[in-house]
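Q: I would like a close look at a single part of this model, followed outward to whatever it joins. Please take the strands as the starting point and go on from there to the core.

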Amino acid sequence: MKVTQNFIKEIIDYSRNNRTEVEPDEINFETLINDILEKFEPYKNFDKVKKNVLVSQTCSFATDQNRLEIIFNNLISNAIKFSNLHQSPPSLDITIEVNTDMATICFKDNGVGIHPNHLPKIFEMFYRATDQNVGSGLGLFLVKETVEKLEGSIEVHSTYGEGSIFTVAIPNLNNVGANN
């Protein structure tokens, strides 16, 4: 049942991302990340993964909060689902650095990592790099599409058996048109 609900939610998120305009909201990253992490508390293995969050935000920042939540939800969900419980301890480090031009958000885990054969395809629709967990193969595709809609970028570095680092850069919409 849960798989079906997640799939439907991903399809709705995908549709909204493609059909609606970007609506800038004032973002307080500290509040946003804490609210999102709180939603994951009931997830299997959430309590076993050590979460370290560091937010450096000294200026106002604007972007589409709904889209930002899609990105955060999917990357945090993957870090938890693919955590390596044999690590001591399994961890997820989230660092967010905000300046007047952009926010750089890094999700680093010491999970199972992604095999090099799969890395070039992980952002493709319906692509699943593992059968370890159930999923639709839409999560990372949706993340990439959403980041692109926000005119940002995403990079991934992963070592199979050691973990992954996803780095997302999102422009600050407070400054769009300020220099024109």
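How many bridges join β6 to strand β7, and in which sense do the two run?

A: In this predicted model, β6 is joined to strand β7 (residues 163-171) by seven bridges, and the two strands run antiparallel. One of the pairings sets Ile154 opposite Val168 in β7. The two strands form a hairpin with three residues between them, and Gly161, which lies in the turn, has a positive phi of about 90 degrees. Strand β6 itself, which spans residues 153-159, has two faces: Ile154, Val156 and Ser158 make up the covered one, whereas Ser153, Glu155, His157 and Thr159 make up the uncovered one.

On the sequence side that precedes β6 there is helix α4 (residues 139-149), whose buried residues are Gly139, Leu140, Phe141, Leu142, Val143, Thr146 and Val147. Just after this helix, Glu151 takes a positive phi of about 60 degrees.

Strand β7 also pairs with β5, again in the antiparallel sense, over eight bridges, and here Cys106 stands opposite Thr167 in β7. From β5 the pairing passes on to β4, since these two strands are antiparallel as well and share seven bridges; Val98 has Ala103 in β5 as its bridge partner. Like β6 and β7, which form a hairpin with three residues between them, β4 and β5 form a hairpin with three residues between them. Strand β4 covers residues 91-98 and includes Ser91, which is buried because its relative accessible area of 16% falls under 20%. Beyond its neighbours within four places in sequence, Ser91 is in contact with Val49, Lys50, Lys108, Asp109 and Asn110.

The strands can now be set beside the nonpolar core. The largest such core has 38 residues, of which Phe29, Phe72, Ile76, Ile105 and Phe166 touch the most other members. Two or more residues of this core come from each of α2 (29-39), α3 (65-81), β4, β5 (102-109), α4, β6 and β7, and α3 gives the largest share, seven residues. In soluble globular proteins, nonpolar side chains tend to be buried together. For Ile76, the contacts beyond its neighbours within four places in sequence are Ile33, Ile36, Leu37, Phe40, Leu92, Ile94 and Phe107.

Aromatic side chains deserve a separate word, as the structure holds four aromatic pairs. In one of them, Phe40 and Tyr43 have ring centres 4.7 Å apart and planes at 55 degrees, so the pair is tilted; Phe40 counts as buried at 4% relative accessibility, while Tyr43, with a relative accessible area of 30%, is partly exposed. Phe72 and Phe107 form an edge-to-face pair, with 5.5 Å from centre to centre and 85 degrees between the planes. Because Phe72 lies in helix α3 and Phe107 in strand β5, this pair ties together parts that are 35 residues apart in sequence. Phe72 counts as buried at 0% relative accessibility, and Phe107 is buried too, with a relative accessible area of 2%. Both residues belong to one aromatic cluster, formed by Phe29, Phe61, Phe72 and Phe107. A further ring, that of Phe46, has the charged end of Lys51 sitting over it, 3.8 Å from the ring centre.

Terms used: Residues are numbered from 1 along each chain as its sequence is written. This is a predicted model: local features need pLDDT of at least 70, side-chain atom pairs count only at pLDDT 80 or more; totals for chains, interfaces and linings use all residues. Side-chain values use heavy atoms; hydrogens and water are left out. Helices (H or I, at least four residues) and strands (E, at least two) are DSSP runs, numbered from the N terminus. Buried means under 20% relative accessible area, exposed over 50%, partly exposed in between (1.4 Å probe, protein chains only). Contact means heavy atoms within 4.5 Å. Two strands pair if DSSP finds at least two bridges between them. A nonpolar core is a set of buried Ala, Val, Leu, Ile, Met, Phe, Trp, Tyr and Cys residues joined through side-chain atoms within 4.5 Å. Rings of Phe, Tyr and Trp (its six-membered ring) pair if their centres lie within 6.5 Å; planes under 30 degrees apart count as stacked, over 60 as edge-to-face and the rest as tilted. A charge sits over a ring if NZ of Lys or CZ of Arg is within 6 Å of the ring centre and within 35 degrees of the ring normal.
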